[in-house]
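Grab a coffee and open the viewer. Here are a few exercises to work through, each with a solution you can follow step by step.

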Amino acid sequence: MSESAKPHHPSPQGKGEKSHGGDFSYVGIDAILEQMRRKAMKQGFELNLMVVGQSGLGKSTLMNTLFKSKVSRNKSVQSNPEERIPKTVEIKSISHDIEEKGVRMKLTVIDTPGFGDQINNENCWQPIMKFINDQYEAYLQEEININRKKRIPDSRVHCCIYFIPPTGHCLRPLDVEFMRRLSKVVNIVPVIAKADTLTLEERDSFKQTIREELRANGIDVYPQKEFDEDAEDRMINDKIREMIPFAVVGSDQEYQVNGKRLLGRKTKWGTIEVENIAHCEFAYLRDLLIRTHMQNIKDITGSIHYETYRVRRLNESNGKIHPINHVPL
């Protein structure tokens, strides 16, 4: 049979995989990365973000800015002025399916209207702590089911963005108490809200004061130093820790600046460009939450915070977990 008449057998290689023809030492272990990528693309991703801070600090606007869409809605103004501020802290979740370049993500934004809005804000962190623990409990109950689902729905809070008012002075007792208690159960990323109300000098001084107060009160915000995996991790995360808290400005309004359409806030003296690092640190926050550390934030939620909760529940129940109605704080 001539060469041209020989039957052609298609290559068993998958799409996008390279041929290693004459390389007999090649095993193909690196192909697992492509397999994992394909599987992840099919399944999609989940991210659950909680935003905490008193009313008027731009929580909804910042979420909309982060994901370039209306992922968080402001509560409609009620007719009775007395009912505009909730009497207690409420927990409200909004889920959205976002797709970008074939990658699907289910984003859930958990808002906490009423937090910090009362005259007496003592213990206003408790409903938030209970909500976070309730999500761990729901996940645990799914895990211990005899006929558990192939993929357990994940409603655990992966990250809590805590909004600090731009006072320029120091943290309030409420800020310290919340972060001290909640940093033990969830990844907290503190931000200075509406940072354009501070001068650059006031902003830098405020950031330094906050870092000192966090250290003095033993508050370990994300990225936590003890969870750095290696020297490279430590070097990257040290740079982030030096910037915490991020001084941010949110806006879902576009303006024309030097012939370009940009997200920003227009003032009498110019336009504050949200994604310009010379104007604010929004871009650093976005990169941390989405582009560089999203998977790490989820990993720490699962392997550290949830695991701590699971072990505590096992210890409380002598290794036998039964459905419960209430988890003590």
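The exercises below deal with a predicted model.

**Exercise 1. Work out which strands stand at the edges of the open six-stranded sheet, and what that leaves them without.**

Solution.
- Start with the order, which reads 2-3-1-4-5-6, with mixed pairing.
- Now look at the two ends: strand 2 (92-100) and strand 6 (246-247) each have a single partner strand, so one side of each has no neighbour in the sheet.
- For strand 2, check the pairing with strand 3 (residues 103-111): the two are antiparallel, over nine bridges.
- To see one of these pairs, pick Ile 94, whose bridge partner in strand 3 is Val 109.
- Finally, add helix 2 (residues 59-67), which lies across strands 1, 2, 3 and 4 and runs at about 155° to strand 1.

**Exercise 2. Find the helix that gives the most to the largest nonpolar core, and say what covers its buried residues.**

Solution.
- The core has 73 residues, and Phe 178 and Leu 182 touch the most other members.
- Helix 3 (residues 126-143) is the top contributor, with seven residues.
- Take Leu 182 and skip its neighbours within four places in sequence: its contacts are Trp 125, Ile 128, Met 129, Ile 132 and Ile 188.
- Compare that with the buried residues of helix 3, which include Ile 128, Met 129 and Ile 132, along with polar ones such as Asn 133 and Gln 135.
- The cover over these buried residues includes strands 1, 2 and 3, plus helix 4 (173-182) and helix 8 (294-316).
- As a check on the helix itself, its 18 residues reach 26 Å from first C-alpha to last, close to the 26 Å expected.

**Exercise 3. Decide whether Asn 237 is buried or exposed, and find what its side chain pairs with.**

Solution.
- Place the residue: Asn 237 is in helix 6 (residues 231-243).
- Its relative accessibility is 5%, and the cut-off for buried is under 20%, so Asn 237 counts as buried.
- Its side chain makes a polar contact of 2.8 Å with the side chain of Asp 228.
- Beyond four places in sequence, Asn 237 touches Pro 223, Asp 228 and His 293.

**Exercise 4. Trace the hairpins that involve strand 8.**

Solution.
- Strand 7 (residues 254-257) pairs with strand 8 (residues 260-267) in the antiparallel sense over four bridges, and Gln 256 stands opposite Arg 261.
- Two residues lie between these strands, and Asn 258 takes a positive phi near 50°.
- Strand 8 also pairs antiparallel with strand 9 (residues 270-273), over four bridges, with Arg 265 partnered by Ile 272.
- Here, too, the hairpin runs through two residues.

Conventions. Residues are numbered from 1 along each chain as its sequence is written. This is a predicted model: local features need pLDDT of at least 70, side-chain atom pairs count only at pLDDT 80 or more; totals for chains, interfaces and linings use all residues. Side-chain values use heavy atoms; hydrogens and water are left out. A nonpolar core is a set of buried Ala, Val, Leu, Ile, Met, Phe, Trp, Tyr and Cys residues joined through side-chain atoms within 4.5 Å. Buried means under 20% relative accessible area, exposed over 50%, partly exposed in between (1.4 Å probe, protein chains only). Contact means heavy atoms within 4.5 Å. A polar contact is a pair of N or O atoms within 3.5 Å; within protein, one must be able to donate a hydrogen and the other to accept it, and residues adjacent in sequence count only if both atoms are side-chain atoms. Two strands pair if DSSP finds at least two bridges between them. Axes are lines fitted to C-alpha atoms, for helices over the stretch in contact, and angles run from 0 to 180 degrees between N-to-C directions. The expected span of a helix is 1.5 Å times one less than its number of residues.
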